Amino acid sequence: MAYEWHEHTSDIRVRISASTLEELFSDALHAMTELLGPELIERCDKKTCRMSLQADDPTSLLIDFLNEALLLTLTEKTAYLDNTLEKLTGNEISAVLSGIPYYSLRRDIKAATYHEADVKMNTGGKWETTIVFDL
Amino acid sequence: MIPRNALKQLSPFLWEIPQTWRHDMLVPARVYASEKMLDQILQDRSLEQLVNVSTLPGIVRYALAMPDVHEGYGFPVGGVAAFDLDTGIISPGGIGYDINCGVRLLRSSLTKDDVVKHLSAIGKTIFSKVPSGVGKGGSFDMKAKALDEVLNDGAKRMVALGYGEQEDLEKTESGGQLESADASCVSVQAKARGHDQLGTLGAGNHFVEVEYISAIYDDREAERLGLQKHQVCVMVHTGSRGLGHQVATDAIRNMNKAMVRYGISLPDRELACVPFNSSEGREYLKAMSAAANFAWANRQVVTWEIREAWKEIFGNSETLSLVYDVAHNIAKLETYEVDGMHRKLIVHRKGATRAFPGQPVLIPGSMGTGSYLLSGLQDAMNISFGSSCHGAGRTMSRTQARKNTNIAVLLEELSAKGIVVNAGSREGISEEAPSAYKNVDDVVQVIGESGIAKKIARLKPLAVIKG
């Protein structure tokens, strides 16, 4: 996982850098779940759910993906640590999220924000973005 | 970052970034602060975010920052902006994700001496009656129709169901109900996220605090509100929970798509907005109002839970009466005199409290440091769109606060002051350490000296209950 946490006066930022767009989405999901800090239910079967989204650009797609995953995490009481991407383009994603039910979360996340998000490939050929989570 | 020399001092506690500072500013940006506080404010991006607000279409007079301002996303936290209804916008980023996060103050008939020996029981009983913690559900698990009634009628619905008294509504901003609400504009997802969260505190900086009045600054006003020195009060800070968060998430996503159609281009996508008079704008106003109603209903049920705890400890004859309830993340239609004309505007408050003349203004400080009760002044209508600060305001990130705080030492310090703490998470305590916030005395002084609101009473904590 290639992400780093950075400070923000009221919230928290994460900086993600990945070799592929697929990896960037997976790492972002992992970072969000790590931040939520689920106390997983042991010896519990994995739960899966399918998600399909469209957006105008990769940045919107990533933020919408995270917010959809957050909604599922909170309503299904399941921490999604893995995903299988069936399709990922600059403006469309189809994925199957896979997770484990939890007892509780260590931290509340209100939303993933668009604030400093900007998904782009840097000069070194890595995909990167910053994400600010509203806590 | 905005450099210090970009700011012009207009009065001892008011500073302005002129409209000429950046080519896209439509009005100046103003910040209420002391010189010392300004140095601290300039260390994060809050004023840069305020300048971004000044570029939004239809903004009237100026973008404002209160003395507790700090960096948020889109609007800074502690930001106020008013927009023309015909040419202006409505922005969920100008309200925040926790729609109608707010504060209410209850007064008891007991004094500090009466309750001191019961503090441990008070902390434990309230902690057990008010569900708190991340994503925590309560005893209400509402079906669709019942939830829609709460979304449309707010605290009024909960009083009708027996969770309060008519007098509670009279002491709540907007009577605890925005009539612009329409439950059908709230998504299924938002309802799924909040259906079991009525009567819950949540986590983060939300709290219940048992306090006593340590000082009275205005005897007449205090008497009018039924308050006297040493009297014990209870403060509640919570909002619209997951339901409100999802309403904001839905709206920001939709508006980011819709903005292109309206030719709106922004320096920060979290400022996402649409014309107030557009279909998306009207729909968001209805959904936001419904989430605000949910928050008022939530604080009403939390009040009921606290009253039950109070009765359990002190008997049925001991009551808790509502002093006032204020929203601090909301947009409301209000009328102001602008250029000699009375104009209805949509006033956005993100981390700011309404401060109408004679209205109680509740300003909680950081955990363990106490709070203020103020009363709005006439001048607030002319200089701050009837708005005040909403708290002390963070100065330190949560990560830094955790690093800098030794929880055992902090708890010992609070205990030495006679403060009992009941919290679901040790992490929550360290992140909310007093050192992570500005000094609330300094913040309130700026509000008083600026003529926005006057001090009525100071409250000091006795018991803190957190998620």
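# Notebook: chains A and B

**Entry 1. A helix inside chain B.** I began with helix α2 of chain B, residues 46-53, and found that seven of its eight residues are buried, so the helix is largely enclosed by the rest of the structure. I note at the outset that the model is a predicted one. I listed the buried residues of α2(B) as Ser46(B), Leu47(B), Gln49(B), Leu50(B), Val51(B), Asn52(B) and Val53(B). I then asked which elements these buried residues of α2(B) pack against. I found strands β2 (14-17), β3 (29-32), β4 and β5 (75-84), together with helix α1 (35-41), of chain B.

**Entry 2. The interface.** I turned next to the contact between the two chains. The size of an interface is often given as the accessible area lost when the parts come together. For chain B and chain A I recorded about 3,000 Å² buried between them, with 48% of it on carbon and sulfur atoms. Chain A contributes 34 residues to the contact and chain B contributes 38 residues.

I also looked up the polar pairs across the interface of chain B and chain A, and noted 12 residue pairs in polar contact. On the chain B side that touches chain A, I found that β4 (63-73), α8 (188-194), α10 (241-258), α13 (398-404) and α15 (426-431) each supply at least two residues. Which of the elements of chain B gives the most to this side? I found it to be α10(B), with eight residues. By class, I recorded 17 charged, 14 polar and seven nonpolar residues on the side of chain B that touches chain A.

**Entry 3. Salt bridges between the chains.** Side chains of opposite charge can pair when their charged atoms come close. I noted six salt bridges between chain B and chain A, and a count of 38 over all chains.

I examined two of the pairs between the chains. In one of them, the side chains of Glu68(A) and Arg253(B) meet in a salt bridge at 3.9 Å, N to O. This pair crosses between chains, from helix α2 (residues 58-76) of chain A to helix α10 of chain B. I checked the burial of both partners: Glu68(A) is buried, and Arg253(B) is buried as well.

In the other, Arg107(A) and Glu431(B) meet through their side chains in a salt bridge at 2.4 Å, N to O. I then asked which residues are linked in a network of salt bridges with Arg107(A) and Glu431(B). I found Arg394(B), Arg398(B), Arg402(B) and Glu432(B) in that network.

**Entry 4. Salt bridges within chain B.** I looked up the bridge between Arg307(B) and Asp168(B), where the closest N and O atoms are 2.9 Å apart. This pair links distant parts of the chain, with Arg307(B) in helix α11 (residues 279-314) and Asp168(B) in helix α7 (residues 166-170), 139 residues apart. Are these partners buried or exposed? Arg307(B) is buried, with a relative accessible area of 9%, and Asp168(B) is buried, with a relative accessible area of 2%.

I compared this with the bridge of Glu334(B) and Arg349(B), whose closest N and O atoms are 2.8 Å apart. Glu334(B) lies in strand β12 (residues 329-338) and Arg349(B) in strand β13 (residues 341-350), so the pair ties together parts that are 15 residues apart in sequence. I recorded Glu334(B) as buried at 7% relative accessibility, and Arg349(B) as buried with a relative accessible area of 0%.

**Entry 5. Aromatic rings.** I recorded 10 aromatic pairs over all chains. One of them joins Tyr3(A) and Trp5(A), whose ring centres are 6.0 Å apart and whose planes stand at 75°, so the pair is edge-to-face. Tyr3(A) is buried, with a relative accessible area of 15%, whereas Trp5(A) is partly exposed, with a relative accessible area of 29%. I added Phe133(A) to the entry, as Tyr3(A), Trp5(A) and Phe133(A) form one aromatic cluster.

**Entry 6. A serine in a loop.** I closed with Ser450(B), which I located in the loop between α16 (440-449) and β19 (453-466) of chain B. Ser450(B) counts as buried at 14% relative accessibility, since the cut-off for buried is under 20%. Its side chain reaches the backbone oxygen of Val446(B) at 2.6 Å. Which residues is Ser450(B) in contact with, leaving aside its neighbours within four places in sequence? I found Phe13(B), Tyr32(B) and Ile383(B).

Terms used: Residues are numbered from 1 along each chain as its sequence is written. Chains are lettered from A and ligands numbered from 1 in the order in which they are written. This is a predicted model: local features need pLDDT of at least 70, side-chain atom pairs count only at pLDDT 80 or more; totals for chains, interfaces and linings use all residues. Side-chain values use heavy atoms; hydrogens and water are left out. Contact means heavy atoms within 4.5 Å. Buried area is the accessible area (1.4 Å probe) that two parts lose on being put together, summed over both. A salt bridge is a side-chain nitrogen of Lys or Arg within 4 Å of a carboxyl oxygen of Asp or Glu. A polar contact is a pair of N or O atoms within 3.5 Å; within protein, one must be able to donate a hydrogen and the other to accept it, and residues adjacent in sequence count only if both atoms are side-chain atoms. Helices (H or I, at least four residues) and strands (E, at least two) are DSSP runs, numbered from the N terminus. Ala, Val, Leu, Ile, Met, Phe, Trp, Tyr, Cys and Pro count as nonpolar, Asp, Glu, Lys and Arg as charged, and the others, Gly among them, as polar. Buried means under 20% relative accessible area, exposed over 50%, partly exposed in between (1.4 Å probe, protein chains only). Rings of Phe, Tyr and Trp (its six-membered ring) pair if their centres lie within 6.5 Å; planes under 30 degrees apart count as stacked, over 60 as edge-to-face and the rest as tilted.
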